[in-house]
Amino acid sequence: MTTATTADRTLILSRTFDAPPALVFKAWTDPALLKQWFVPRPWSIARVENDVRAGGSNLIVMRDPDGNEYPNQGIYLDVIPNERLVFTDAYISAWVPSEKPFMTGIITFEAADGGRKTKYTARVVHWRVEDREAHEKMGFHEGWGKCADQLAELLATL
């Protein structure tokens, strides 16, 4: 797994999974699977609502170990099954702006090893340099890295 900070507003995590792109994409889009890996343990996902299509909304409610819940709303900007997901929190549904846009996620799933593996890249572009810095301080590299480890564990069971 590699992580990087590029330009002034982008954070990147890249990893190769021992699973085909269709399975990794499914783990990102199927609410039951997403709940199993998307936040670093001991946090959990209380609820997922996904309308996986360009313009479709998503809601992921994260729960901390004390039971406090943190809703994260956004929309999908681009969806190419098994290849790419692009989402943002700049809008909460349709074209309704959020109160504070923070990031756009660009997730790519590239076939490797004859399609048996997936080169996975999560590129997170922030609206402001200060947002990128805050995301790094919140633990982007460690947190997204731990989630990637949890995703690898899940993929091994599917």
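Analyst: Let's start with a word you'll need right away: a residue is called buried when its relative accessible area is under 20%, exposed when it is over 50%, and partly exposed in between. Keep in mind that we're looking at a predicted model.

User: Okay, let me try that on one residue. Is valine 48 buried or exposed?

Analyst: Its relative accessible area is 12%, so valine 48 is buried. You'll find valine 48 in strand S3.

User: Which residues does valine 48 touch, if I skip those up to four places away in sequence?

Analyst: Pro31, Leu34, Lys35 and Leu59. You can also compare sequence and space: threonine 29 is 19 residues away from valine 48 along the sequence, and their C-alpha atoms are 9.7 Å apart.

User: How would I read glutamine 150 in that way? Where is it?

Analyst: Look in helix H4, residues 140-157. Glutamine 150 has 3% relative accessibility, so the label is buried again. Leaving out neighbours within four places in sequence, glutamine 150 contacts Trp37, Val39, Pro40 and Arg41.

User: And asparagine 72, what label does that one get?

Analyst: Partly exposed, because its relative accessible area is 35%, which falls between the two cut-offs of 20% and 50%. Asparagine 72 belongs to strand S5, residues 69-80. Beyond neighbours within four places in sequence, asparagine 72 is in contact with Asn58, Leu59, Ile60 and Met62. For a distance to trace on the model, try arginine 128: it is 56 residues from asparagine 72 along the chain, and their C-alpha atoms are 19 Å apart.

User: Let's zoom out. How many helices and strands does the protein have?

Analyst: There are 4 helices and 10 strands. Reading along the sequence, you get β-β-α-α-β-β-β-β-β-β-β-β-α-α.

User: How do I read the overall size?

Analyst: Take the radius of gyration and set it against what a compact globule would give. For 158 residues that would be near 15 Å, and the protein has 15 Å, so the two agree. Along the principal axes, the C-alpha atoms fill a box of roughly 45 × 35 × 35 Å. As for burial, 41% of the 158 residues count as buried.

User: What can I say about contacts over the whole chain?

Analyst: Take contacts between residues at least 6 apart in sequence: 47% of them join residues at least 24 apart.

User: Now the aromatic rings. How many aromatic pairs does a search of the whole structure find?

Analyst: The search gives 10. To name the geometry of a pair, you check the angle between the ring planes: over 60 degrees counts as edge-to-face. In the pair of tryptophan 28 and tryptophan 37, the ring centres are 5.3 Å apart and the planes are at 70 degrees, so it's edge-to-face. Both tryptophan 28 and tryptophan 37 are buried.

User: What about tryptophan 28 and phenylalanine 38?

Analyst: Here the centres are 5.4 Å apart and the planes are at 80 degrees, so this pair is edge-to-face too. Tryptophan 28 sits in helix H1 (residues 21-29), while phenylalanine 38 is in the loop between helix H2 (31-34) and strand S3 (44-50), so the pair ties together parts 10 residues apart in sequence. Tryptophan 28 and phenylalanine 38 are both buried.

User: Which residues do ring pairs link into a cluster?

Analyst: Phe17, Phe25, Phe109 and Tyr120.

User: Last topic: the backbone. Which residues does a cis peptide bond join?

Analyst: Arginine 41 and proline 42, with omega at about 20 degrees. Proline 42 is in the loop between H2 and S3.

User: And phi? What is it near for asparagine 82?

Analyst: Near 70 degrees, which is a positive value in a residue other than glycine. Asparagine 82 is in the loop between S5 and strand S6 (84-88), and its relative accessible area of 30% makes it partly exposed. Aspartate 113 also isn't glycine, and its phi is positive, near 50 degrees. Aspartate 113 lies in the loop between strand S9 (103-112) and strand S10 (117-126). With 41% relative accessibility, aspartate 113 counts as partly exposed.

Note on methods:
Residues are numbered from 1 along each chain as its sequence is written. This is a predicted model: local features need pLDDT of at least 70, side-chain atom pairs count only at pLDDT 80 or more; totals for chains, interfaces and linings use all residues. Side-chain values use heavy atoms; hydrogens and water are left out. Rings of Phe, Tyr and Trp (its six-membered ring) pair if their centres lie within 6.5 Å; planes under 30 degrees apart count as stacked, over 60 as edge-to-face and the rest as tilted. Buried means under 20% relative accessible area, exposed over 50%, partly exposed in between (1.4 Å probe, protein chains only). Helices (H or I, at least four residues) and strands (E, at least two) are DSSP runs, numbered from the N terminus. The radius of gyration is taken over C-alpha atoms; the globule rule is 2.2 Å times the number of residues to the power 0.38. Contact means heavy atoms within 4.5 Å.
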